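Me: Got a minute to go through this one with me? I'd like to chat about rings first, then packing.

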Amino acid sequence: MNRELKILAAFVAVFLVAYFLPLATPQFAPGTNPTAAKVTNAIVEAFLLLQWYARNHTLACVVPALFIAGAITTFLSKESVLKHLGPKANKVESYSVSSVSGTVLAVCSCSVLPMFAGIYRVGAGLGPAAAFLYAGPAINVLAIFLTARVLGFELGVARVIGAMLFGIIIGLIMAVLFRRSEEARSAATLALP
């Protein structure tokens, strides 16, 4: 437990430094070495981007995703996950459910990681969990409507179909590649009460 607290403290410290660091774009006097000015600007812009990410994205997306993942782990019953997404579940059902379940979540690719870990920890097979991991950000309602509105209805439909198909294909590839470790994990999971 002590190790986890140290890691948490390090993450919180880095976040707070990135959040509160006073940054401004430097102004250079005429005659300054242009290469040095470009390098300095690049470094400052990188820190400004880190600060923007900490202020806007981390608090608005990643923290709620962690809470959703905790809710998945806490409130989603292991039996229902094993029934629909587990190793003994019907493959057509498990891959179909996992590839479309991202539609109800407006998450990005980094926010879906804690949710993937949550359903995988509860007992979902690696294949369906990987299908959810891939398709979740690509098939959320906001992304679908934005794509259909900006790029056209046909591309919106293509995004939905492509996300589902590629999610299933990637999930099947992951299940095949990690078949042995998944069989051992499945035996241990199914042996639990």
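**Rings and packing**

Reply: Sure. This is a predicted model, and in it Tyr 19 counts as partly exposed, at 24% relative accessibility. Tyr 19 also pairs with Phe 20: the ring centres are 4.8 Å apart and the planes sit at 70°, so that pair is edge-to-face.

Me: And Phe 20, is that one buried or exposed?

Reply: Phe 20 counts as exposed, with 59% relative accessibility. The cut-off for exposed is over 50%.

Me: How many aromatic pairs turn up in the whole structure?

Reply: Three, from a search of the whole structure. One of them is Phe 15 with Tyr 19, which is tilted, at 5.7 Å centre to centre with 35° between the planes.

Me: Where do Phe 15 and Tyr 19 lie?

Reply: Both are in helix α1, which covers residues 2-20. They are four residues apart, or about one turn of the helix. Phe 15 is partly exposed, at 23% relative accessible area.

Me: Which residues do the ring pairs link into a cluster?

Reply: Phe 15, Tyr 19 and Phe 20.

Me: What charged end sits over the ring of Tyr 19?

Reply: That of Arg 55, 5.3 Å from the ring centre.

Me: OK, switching to packing. Which residues touch the most other members in the largest nonpolar core?

Reply: The core has 15 residues, and the ones touching the most other members are Val 81, Leu 105, Val 107, Met 115, Ile 119, Ala 124 and Phe 132. In soluble globular proteins, nonpolar side chains tend to be buried together.

Me: Which elements give two or more residues to this core?

Reply: α2 (34-75), α3 (78-85), α5 (112-122) and α6. Of these, α5 gives the most, with five residues.

Me: Back to Val 107. What is it in contact with, leaving aside neighbours within four places in sequence?

Reply: Val 107 is in contact with Val 112, Met 115, Gly 136, Pro 137 and Asn 140.

Me: Now α6. How many of its residues are buried?

Reply: Twelve of its 14, so to speak of α6 as mostly covered is fair. Among the buried ones are Leu 126, Phe 132, Gly 136, Pro 137 and Ile 139.

Me: And what does α6 reach from its first C-alpha to its last?

Reply: It spans residues 126-139 and reaches 19 Å, close to the 20 Å expected at 1.5 Å a residue.

Methods:
Residues numbered from 1 in each chain as written. Predicted model: local features only at pLDDT ≥ 70, side-chain atom pairs only at ≥ 80, totals over all residues. Heavy atoms only, no water. Expected span 1.5 Å × (residues − 1). Buried < 20%, exposed > 50% of the residue type's maximum accessible area, 1.4 Å probe, protein only. Phe/Tyr/Trp six-rings, centres within 6.5 Å; stacked < 30°, edge-to-face > 60°. Lys NZ or Arg CZ within 6 Å of the ring centre and 35° of its normal. Core = buried A, V, L, I, M, F, W, Y, C linked by side-chain atoms within 4.5 Å. Contact = heavy atoms within 4.5 Å.
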